[in-house]
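Please look over the sequence and the model before reading on. The paragraphs that follow go through the fold step by step, beginning with what is meant by a residue being buried or exposed.

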Amino acid sequence: MPETLDIILPAFNPSGNWEEKVYNSYNEIKSILNVQVSLIIINDGSTENFNTINIKNIKNLIERVQVIEYNPNEGKGYALRKGVSYSNSKYLIYTDIDFP
């Protein structure tokens, strides 16, 4: 089992109160894997439900979080590659903002 890993999380116009869902899923992954986990959220040009309040909320909930933003939307593949470029871990998990 790795000692640390990064979760790469692309986001485009996430729905509603997404910060709470991300926080709950982040904690679930942490507890299952029992490792130190960092979260890299990539705002892929969102025009809705992703603003300074959302960013402040997620940073208050999760200590080890980076938020990367750019415009315009470049697509999920680009967002994933961008997130990986900010990672310092040997191990990565990537998923969607709704943690299917």
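A residue is called buried when its relative accessible area is under 20%, exposed when that value is over 50%, and partly exposed in between. These words are applied here to a predicted model, in which the pLDDT averages 92 over the protein and 97% of the residues score at least 70. Confidence is lowest in helix 1, where the mean is 93, and highest in strand 3, where it reaches 97.

Helix 3, which covers residues 76-85, shows how these terms work in practice. Its buried residues are A79, L80 and G83, and, seen down the helix axis, they fall within an arc of 100°, so they line one face of the helix. R81 and S85, on the other side of helix 3, are exposed. The cover over the buried residues of this helix includes strand 1 (4-11), strand 2, strand 3 and strand 4 (92-94).

Helix 2, residues 52-61, can be read in the same manner. Here N54, I55 and I58 are the buried residues, and because they fall within an arc of 100° when seen down the axis of helix 2, they line one face of the helix. The residues T52, I53, K56 and N60 are exposed on the other side of helix 2, while the buried ones pack against helix 1 (18-33), strand 2 (36-44) and strand 3 (65-70). At the N-terminal end, helix 2 is capped by N51, which has a side-chain oxygen 2.9 Å from the backbone nitrogen of I53.

The connection between these elements comes next. Strand 2, helix 2 and strand 3 together make a right-handed β-α-β unit, and within that unit strand 2 and strand 3 pair in the parallel sense over 6 bridges. In this pairing D44 stands opposite Y70 of strand 3.

What does N43, a residue of strand 2, have around it once its neighbours within four places in sequence are left aside? The residues in contact with N43 are then A11, F50, I68, E69 and Y70. Its relative accessibility is 4%, and because the cut-off for a buried residue is under 20%, N43 counts as buried.

The loops hold several backbone features that deserve a careful look. In the loop between helix 1 and strand 2, N34 has a positive phi of about 55° although it is not a glycine. With a relative accessible area of 68%, N34 lies over the 50% cut-off, and it is therefore exposed. The loop between strand 2 and helix 2 contains N49, another residue other than glycine with a positive phi, in this case near 60°. N49 has a relative accessibility of 34%, which falls between the two cut-offs, so it counts as partly exposed.

Finally, in the loop between strand 3 and helix 3, one finds P72, and the peptide bond that joins N71 and P72 is cis, with an omega of about -5°. A reader who follows the chain from strand 3 into helix 3 therefore has this loop to inspect before coming to the helix whose buried residues, A79, L80 and G83, line one face.

Conventions: Residues numbered from 1 in each chain as written. Predicted model: local features only at pLDDT ≥ 70, side-chain atom pairs only at ≥ 80, totals over all residues. Heavy atoms only, no water. Buried < 20%, exposed > 50% of the residue type's maximum accessible area, 1.4 Å probe, protein only. Helix = DSSP H or I, 4+ residues; strand = E, 2+ residues; numbered from the N terminus. Arc of directions from axis to C-beta. Contact = heavy atoms within 4.5 Å. Polar contact = N/O pair within 3.5 Å; in protein donor to acceptor, adjacent residues only side chain to side chain. pLDDT = per-residue confidence, 0-100. Pairing = 2+ DSSP bridges. Right-handed = clockwise from strand over helix to strand, strands pointing away.
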